Amino acid sequence: MKRCCALLAAVLLFGGSLLYSRPAAKPQDGGGRSGAEQHRARTGPLSPQEALAGFQLEPGYRIELVAAEPLVVDPVAMAFDERGRMYVVEGRGYPDPLEGSGSPPSAKGVIALLEDANGDGRYDKRTDFVEGLRYPNGIMPWDGGVFVSCAPDLFYFKDTTGDGRADVRKVVLTGFDATRTAQIRFSHPTLGIDNWVYLTSGLNGGKVTAPTYPRRPPVEFAGSDSRFNPFTFEFELTGGKGQFGLTFDDFGRRFICANRHPVWHVVLEPHYLKRNPHLAFSETVHEVSKVGPEAVVWPISADMTTASFHPSLMSTPHAGTFTAASGVHIHRGDALPKDHYGSIFICESAQNLVQRQDRESTGATFTSKPAREGVEFLASADNWFRPVFATNGPDGALYVVDMYRENIDHPQYVPEASRSLLDFEGGKQYGRIYRIVAADWKRESKRFDLARASVEELSQTLEHPNAWWRETAQRLLVERQDRAALSHLRQLLRTGRRAAARVHALWTLEGLQGLENSQILQALQDEHVGVRENAVRLAEKRLAESNELLSRLLVLANDPDARVRFRVALALGETDDPQATNALANMARRDGDQLWARAAVLSSIGKRSNEFLRAFAASPPASTEITAAVMEDLGQIFGAGQSPERCVELILHITDPVNEFSWQPAALAGIAEGLRTRGLGQGTSSPLTALVSGSTPKAREARARLKALLQRSSAVALDERQPPELRLAAIGLLGYGTYASAGKALEQLLEPQHPSEIQMAVVRSLGRLDDSVAGPALVKPARWQTYTPQIRETVLSVLMAEPRHLPALLGAIEKGDVAPTALGPSRRTQLLKHRDTAIQERAVKVFADMESGDRMQAYEQLREKVLSLTGRADDGEQVFATHCAACHAFGGNGGRLGPDLSGISNQPADAILLHVLVPDYEITPGFDAYLVETRDGRTLYGLLESESATSITLRDASNEQYVLLRSNIISMSASPNSLMPNELERVMSPRKLADLIAYLKGTSKRTDVDGSHADPQ
């Protein structure tokens, strides 16, 4: 049985949409058709003309049909070649068989070649370029042919005879994971401005090889986007983990999307983080748009949000959220209104719309928001409209690919009991492609063939206002490798009117191995920040051989643009010149409170942490917030990698009386955390205490100063007049002291009158203390009874992480102070299989009377009783707040540890109950739990949020984040279990379960077993 996280939003093709899987309803009073029959009768497929007439489109635009069935069927992606012909990827085999079903995969996928024979703007000629593919999902023209993503393979197809059918068929890369359903596979081959082809992971991994280069070792990975060189097929991993969507802006910045994440910016690549093995940082992407419950959409279709269950609200605008974000596209064509150039378009197939967002710069990255509030760019009341992909055309128009299906859900993610109620085949004979342009746009019917253009003409084309022409011209020039283009490109770099053209000239010269340092120097002084940014990228690998380039980059370390400074910070890690260290320190003083800028600087200092500290301390930063952020991370780097003597010296520097207290606790906590990764302070003392326990004068001085600072931290922690962030920093530092000096002060803050964030910080600090008294203090009966569910979860996570606290936890269970059901099966399993035999034997006795039973049996036993009750949504809100909100968000409130539930109202009641009672029934990709053992003695259990070559980021069930250096990891394994606890029926009565379901479905009516709604009784 496929396992997944409870109350999940099902992962759909091209995004993680919440299901529309409404079972047939009982006849309403007076008789009538079933709900499923009503659904089919109400939303039968529209003709292309009817669909076109029914669109709601932003004023100032018009939409045109360019292809429809039978010319195109089940389109999922498309691309134009240099002649303007349209290649369309047809996913005719979707949905593929269920995982583990034993059914053979389909081979119905087709690559269709469409042409506009009469020049009227409507495609009218079709040739089946390639047939017999399993599940193709992406395409990119290259060298007269096309690359096609079709896991496990990346194909190259080419027609050499001129009949429109591919006679060359090569597997150029293979080994991408194809064991999971078709919607979570690699896709989107897209040529970057740097002449590499980028791929999205589909939330999946692989063991990739290039068949024509059998001696190369495979690249094995669990989940990461990637790129390859189209000439040599070198393959490497990149930042990000997108699902179905990849786009670039004019200056080569990469954006992806996945499920409830409409727009991610890939800010840095993981190879930068490898340069400093002691930097605990693994993030590579930034959320540009709002995410999860805050990522609002405004559908007008009838069947995908709460309004679908209220006839009076059908077909009227109502708020939803992104659940199937796909095909993210930054439009850079010239057929849209001029002030909309660079708009971001995101397809939302589950709710039958396309949203337009505006983007703004913020530091090293961007933010975006819907261009209009309350209404979408493109929306349809026809719930068969399934936009999945968007792109730019040779005419500058926005092209939208509509798969046009009745249900786009994959049956794998529909509860078994509901699968027979949905027609997963409905619409397999349909498909549409639309062109969207400015209302006053006039089409030019002029035919073209860039393949016949000279290198001079192609070089001039790099100035074109439409990015499709610029990108195609660069691709053709790089494919040809004709050095006759060099003089034209150099001229363009000097005199090009458009900044984008000058950037294309730079990278095309690089692709032709004709870029000289003098041209990079020229670009480093360009008036446009995008040109300077790309010039820094190109200078990066040449710094060791060019003092001129280094000198110019040192000047740009003070560039007025934050993104240029960010690129300079990354580039300076490629040189050992002492001047680079000073420049990095200056940038840290200016931008150190910004996450990405700080990561760039600290990744670049490598083994120069001592020199960087001296340079950073030479003059004061812009603010104490900057000092605290930089010194905390630098302290962690010192603690993990410097000698004990140097760490003592850093403590002396931090605790110097002339320094402000406001940043000292964070800096000392950073050192302590770094020391922990080396195992210092395990057992009977804290890392800081162990470090300063020596008899040298410096150690004695550091010990005295540390004691004084811990005493001051205790006073600040207890002082409710102090700013919350300062109190939290002080509490964090106290966890690296001793119980004798800090324990009593911390325990005072565990009273319910203190804010939950204070209490949770105290729990974590008590858990870190070396004394075994801390464990019993956390589970005192009177105290345990006052904890909220979130604080209890934090206590359990802390006690389970530290072996020295396990006796206290087991003791509390033995005495009846803590119910054994509070631990849940996953934690009980950890104890029952603990490597310490004493713990294991004690756990066997403690849990001897626990009968977890078969979870499906529990579901079947409760199903009829729960679903026959009249659920009260108001009471269910409190049930959700008590038992679910710590991990799940709903309606904009709650945590993000588990899937967002804001659209779960579309699931039938029995499906919701199934996921509540059987959390392991399915686990959404990206929500797998991992068990990690560390060298400092901890056992951590949580979600793997991100990873790099040197560190991972884990988030546990209490929502605490752990950034762990890989050097500190003994073992790491994926768990077959969900993080969500089993046996919730022990703490939720049938009445509470019914109330919870009513709340999640947004109704106070009784939800019958078959999913229909009856009047309250």
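## A walk through the model

Select Phe 176 to begin: its bridge partner, over in β13, is Gly 206. This is a predicted model, so keep that in mind as you go. Now widen the selection to the two strands around that pair. Strand β10 covers residues 168-176 and strand β13 covers residues 206-209; they pair in the antiparallel sense over 2 bridges.

**The six-stranded sheet**

Bring in the rest of the sheet. There are 6 strands in the order β7-β8-β9-β10-β13-β14, paired antiparallel, and the sheet is open. Which strands stand at the edges? Colour β7 (138-142) and β14 (219-221): each has a single partner strand, so one side of each is left without a neighbour in the sheet. Look along the sheet and you can follow its twist, with neighbouring strands turned by 25° against each other on average, direction ignored.

**Zoom out for a moment**

Show the whole protein as a cartoon. You have 33 helices and 39 strands on screen, and 1017 residues, of which 63% count as buried. Switch on a surface if you like: the accessible surface comes to about 37500 Å², and carbon and sulfur atoms own 49% of that. As for how the chain meets itself, take contacts between residues at least 6 apart in sequence: 66% of them join residues at least 24 apart.

**The four-stranded sheet**

Next, select β17 to β20. They make an open sheet of 4 strands in the order β17-β18-β19-β20, again with antiparallel pairing. β17 (246-248) and β20 (285-287) are the edge strands, each pairing on one side only. From one strand to the next, the twist averages 30°. Zoom in on β17 and strand β18 (residues 254-258), which run antiparallel and are joined by 3 bridges. To find one of the partners, click Thr 247: its bridge partner in β18 is Phe 255.

**A strand on the inside**

Move to strand β2, residues 61-68. Of its 8 residues, 7 are buried, so the rest of the structure largely encloses it. Add strand β30 (residues 432-438) to the view: 7 bridges join it to β2, and the two run antiparallel. Arg 62 is a good place to click, with Val 437 as its bridge partner in β30.

**A helix on the inside**

Now select helix α14, residues 595-605. Here 10 of the 11 residues are buried, so this helix too is largely enclosed by the rest of the structure. Show side chains for the buried set, including Trp 596, Arg 598, Val 601, Leu 602 and Ile 605. Then step off the end to Gly 606, which follows α14 and has a positive phi, near 50°.

**Asp 559 and its company**

Go to the loop between α11 (547-556) and α12 (562-571), where you'll find Asp 559. Is this residue buried or exposed? Asp 559 counts as buried, at 5% relative accessibility. Draw two distances here. A polar contact of 2.9 Å joins its side chain to that of Arg 532, and the side chain of Asp 559 also reaches the backbone nitrogen of Asp 561 at 2.8 Å. Leaving aside neighbours within four places in sequence, the contacts of Asp 559 are Arg 532, Val 564, Arg 565 and Arg 590.

**Salt bridges to finish**

A search of the whole structure turns up 51 salt bridges. Start with Glu 82 and Arg 475, whose closest N and O atoms are 2.9 Å apart. This pair links distant parts of the chain, 393 residues apart: Glu 82 is in the loop between β3 (75-80) and β4 (86-90), and Arg 475 is in helix α6 (residues 467-480). Glu 82 is buried, with a relative accessible area of 10%, and Arg 475 counts as buried at 6%.

Then pick Arg 227 and Glu 236, which meet at 2.7 Å, N to O. Arg 227 counts as buried at 17% relative accessibility, while Glu 236, at 31%, counts as partly exposed.

Glu 516 and Arg 490 come next, with a salt bridge of 3.5 Å, N to O. Glu 516 lies in the loop between α8 (499-511) and α9 (517-524) and Arg 490 in helix α7 (residues 486-495), so the pair ties together parts that are 26 residues apart in sequence. Glu 516 is partly exposed at 39% relative accessibility, and Arg 490 is partly exposed at 22%.

For the last stop, select Asp 249, Arg 253, Arg 359, Glu 533 and Arg 563 together: they are linked in a network of salt bridges.

Conventions:
Residues numbered from 1 in each chain as written. Predicted model: local features only at pLDDT ≥ 70, side-chain atom pairs only at ≥ 80, totals over all residues. Heavy atoms only, no water. Pairing = 2+ DSSP bridges. Axes fitted to C-alpha atoms, helices over the stretch in contact; angles between N-to-C directions. Buried < 20%, exposed > 50% of the residue type's maximum accessible area, 1.4 Å probe, protein only. Contact = heavy atoms within 4.5 Å. Areas by Shrake-Rupley, 256 points an atom, 1.4 Å probe, with all protein chains shown as cover. Polar contact = N/O pair within 3.5 Å; in protein donor to acceptor, adjacent residues only side chain to side chain. Salt bridge = Lys/Arg side-chain N within 4 Å of Asp/Glu carboxyl O.
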